Amino acid sequence: MERILVIGGARALGAAVARRAAKDGYDVVVGARDLAAAETVAAELGATALRIDLQDESTIAAAAARLADGVDHVVTTGSAPHDVRAAELDHEKLVGAFTAKVLGPMLVAKHFAPLLRPHGSIVLFSGVVGWRPGPGSLVKGTTNGAVAHLARHLAADLAPVRVNAVSPGVVDSGAWDRLGAGKAALLGRSAAGTLVGRHGEPDDVVDAVMWLLRAGFVSGETIHVEGGARHKVG
């Protein structure tokens, strides 16, 4: 049985990946900063829960020590949004955003590369905003764009282990529920901004992740799962 570690697996798209992986017969490890939340998802799936905070290298190292007998795949979905314009940037939040998306996954590679089996892979999470700049998206756009480059460079550094990224558009994953009544408007704008005329669903993204786990001749790529939003004019 192949083992998959899903960092950020306690909520939203990370939890969706963990649930699909368990359904497909993987030995799932749910990693999250909130251990209690990870344990809740893990209990549902008959999986293992570990505390992993991408902003704290010691938790990454401790998780690697717990999984020292080997891992086949690592998926990291972590993020720490700082959605402000340049004049409002906060240094601490800026560093946090880059750590969650870029620096943290680099440290995951540092500690887990020795444990990854030769056929294994790492899947990073980028996002459509990296290719669709706009007011307030400076940090999120830059970090998501950096993930695409990170996938290429890590793929070369860790070969033959494969490294790829998934770049979702706006997905109704539960992450937007905090907007309350504004969620419907956001999803409506997102649908209008795609070529396929709808917003994303979790299965759209999870399908891409699961394909990448098995796509043995694909490495260093970013797979865009956003309904053609990058190509929409106007």
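**H82 and its surroundings**

I'll start with one polar contact: a polar atom of the H82 side chain lies 3.0 Å from the backbone nitrogen of D90. A polar contact here is a pair of N or O atoms within 3.5 Å; within protein, one must be able to donate a hydrogen and the other to accept it, and residues adjacent in sequence count only if both atoms are side-chain atoms.

This is a predicted model, where local features need pLDDT of at least 70, side-chain atom pairs count only at pLDDT 80 or more, and totals for chains, interfaces and linings use all residues. Residues are numbered from 1 along each chain as its sequence is written, and side-chain values use heavy atoms, with hydrogens and water left out.

Where is H82 placed? H82 sits in the loop between β4 (71-76) and α4 (91-112); helices (H or I, at least four residues) and strands (E, at least two) are DSSP runs, numbered from the N terminus.

H82 has a relative accessible area of 6%, so H82 is buried, meaning under 20% with a 1.4 Å probe, protein chains only. Leaving aside residues up to four places away in sequence, H82 touches E88, L89, D90, K93, L94 and V139, with contact meaning heavy atoms within 4.5 Å.

Now the whole protein. The secondary structure comes to seven helices and seven strands, and from the N terminus the elements run β-α-β-α-β-α-β-α-β-α-β-α-α-β. Buried residues make up 50% of the 234 residues. Of the contacts between residues at least 6 apart in sequence, 69% join residues at least 24 apart. Along its principal axes the C-alpha trace spans about 50 × 35 × 35 Å.
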